[in-house]
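Here's a short set of exercises to try with a structure on your screen. Have a go at each task before you read its solution.

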Amino acid sequence: MKALLLAGGKGTRLYPLTHSIPKPMVPVLNKPLLERTINYIKGYGIDEIVMSLCYQPEQIMNYFKDGSRFGVKIYYCIEESPLGTGGAIKNAERYLDDTFLIFNSDIITDINLRDLIDYHMASGARVTIALTRVDNPSAYGLVETDNDGRITAFKEKPRPEEITTNFINAGIYVFERDVLDFIPAGREVSVEKEVYPGLLSAGVKMYAYKNNNYWIDIGTPHKYLELHNSILDGLFTYPFIEMDYKNRIVIGKNSYISPTAKLIPPIAIGDNCYIGNDVIIGPRAVIGNNIEIGPGSYIRNSIIWEGCKIGSGSKLSNTIIGINCTIGDNKDVSYGVIAY
Ligand code: GDD
Ligand code: MG
């Protein structure tokens with residue numbers, strides 16, 4: 001079975017972080033988000049991946065290449081101008097066969113894909129959509145079902161008065177190939193707003209796979225910070241760090257930490273960092289690779305991407321700093337998102 005990753009969106013809600021990096025490459029604990037997704041999919045024996053790209057495709061292709069370094073085979077499908085989620089699926093048609101999986105590329109979840117596929121096969125649906133429960137569905141695609149789990153309505157980004165359930169489209173689908181015949185070619189199409197409602201009207205059987213697994217869309221700075229906190233707090237197991245849950249401090253290779261610095265768990269510090277005298281880090285901070293933090297600075301509940309320099313006596317809280325930024329001395333940043 002193949003998996004199609006929709007990874008062409010611009011990630012505007014993460015600006016300015018996504019000026020220089022496409023959203024699927026945003027680091028999570030210092031590894032691109034998409035790397036974890038590939039690792040997760042491969043864990044279910046799915047090792048052929050089709051990547052649908054549009055915004056800054058080179059960065060993604062240069063990193064993943066043919067996929068062999070990650071134990072998968074990757075096919076690339078690149079749009080000249082955005083075709084939307086449905087158009088991107090149609091555009092990948094030549095790579096897809098029988099039954100396949102589709103993923104939004106800005107989510108992190110541990111939904112059991114084996115269960116999802118078994119459920120799809122057992123129901124005889126042409127499309128199965130994984131659903132997750134959220135407190136406020138307004139930023140997502142609300143999905144209504146009957147008691148058997150058959151989908152009865154879609155309301156993408158519902159207005160408050162349209163909210164009838166907390167279950168939303170989790171951005172993971174199982175498709176039968178013949179569904180592609182319903183998607184028009186060569187123009188922008190939204191799978192959520194156009195294809196799914198169209199399939200419903202045509203009486204095509206669509207089922208919902210409801211679950212209570214961990215799930216997050218990292219498309220906003222707030223959610224991006226929340227994901228890191230969930231990992232640091234041990235609520236979600238992330239494959240690329242070995243978190244020692246006793247002291248919950250991770251320090252990478254060749255990093256110098258001044259003996260007078262104070263590290264308050266949970267935190268993660270990358271490779272080749274220099275943490276100066278009397279620095280306080282934590283609770284909850286992710287410091288990328290090659291970062292210098294000057295004396296007396298204080299960083300908590302923040303994420304700093306690789307190559308940054310933080311001066312002395314500066315305070316960062318609830319803040320995200322993009323690649324290679326410099327923050328001067330005695331600066332105070334809270335709830336900021338800073339990038340070139
Ligand atoms: N190739 C390609 N081309 N990919 C695209 C395009 C496009 O034109 N537009 C969006 N994508 C990709 C994005 O990169 C992302 O991985 C995915 O499609 C979804 O786009 P978002 O922009 O992140 O959509 P959303 O978060 O507002 O809503 C979607 O996800 C929610 C769950 O996170 C919808 O599917 C909602 O129904 C859903 O609840
Ligand atoms: Mg999204």
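**Exercise 1: The cavity**

The largest cavity in this predicted model holds about 30 Å³ of space. Find how many cavities of 30 Å³ or more the structure holds, and which residues line the largest cavity.

*Solution.*
Step 1. Start with the count: there's one cavity of 30 Å³ or more.
Step 2. Now look at the wall. Its lining includes Pro27, Leu29 and Asn30. Tyr224 and His228 line the cavity too, along with Val286, Ile303, Ile304 and Trp305.

**Exercise 2: Two domains**

Work out where the two domains sit in the chain and how far apart their C-alpha centres lie.

*Solution.*
Step 1. Split the chain: domain 1 covers 2-220 and domain 2 covers 244-338.
Step 2. Go from one C-alpha centre to the other, and you get 34 Å.
Step 3. Check who touches whom: eight residues of domain 1 are in contact with 13 residues of domain 2.

**Exercise 3: What the interface is made of**

Describe the area that the domains bury between them, then look for salt bridges and polar contacts.

*Solution.*
Step 1. Take the area: the two domains bury about 720 Å² between them, with 80% of it on carbon and sulfur atoms.
Step 2. Pick out the big contributors on domain 1. Leu17, Leu29 and Asn30 supply 63% of the area that domain 1 buries against domain 2, more than any other three residues.
Step 3. Search for salt bridges across the interface: the rule finds zero.
Step 4. Try polar contacts between domain 1 and domain 2, using residues both at pLDDT 80 or more: zero pairs again.
Step 5. Sort the residues on the side of domain 1 that touches domain 2: seven are nonpolar, one is polar and none is charged.

How values were computed: Residues numbered from 1 in each chain as written. Chains lettered and ligands numbered in written order. Predicted model: local features only at pLDDT ≥ 70, side-chain atom pairs only at ≥ 80, totals over all residues. Heavy atoms only, no water. Domains from an automatic or database assignment. Contact = heavy atoms within 4.5 Å. Buried area = accessible area lost by both parts, 1.4 Å probe. Salt bridge = Lys/Arg side-chain N within 4 Å of Asp/Glu carboxyl O. Polar contact = N/O pair within 3.5 Å; in protein donor to acceptor, adjacent residues only side chain to side chain. Nonpolar A, V, L, I, M, F, W, Y, C, P; charged D, E, K, R; others polar. 1 Å grid on protein atoms, 1.4 Å probe; cavity = no way out; pocket = protein on both sides within 12 Å on 5 of 7 lines; lining within 4 Å. Points joined across faces, edges and corners; volume = space filled by probe spheres on them.
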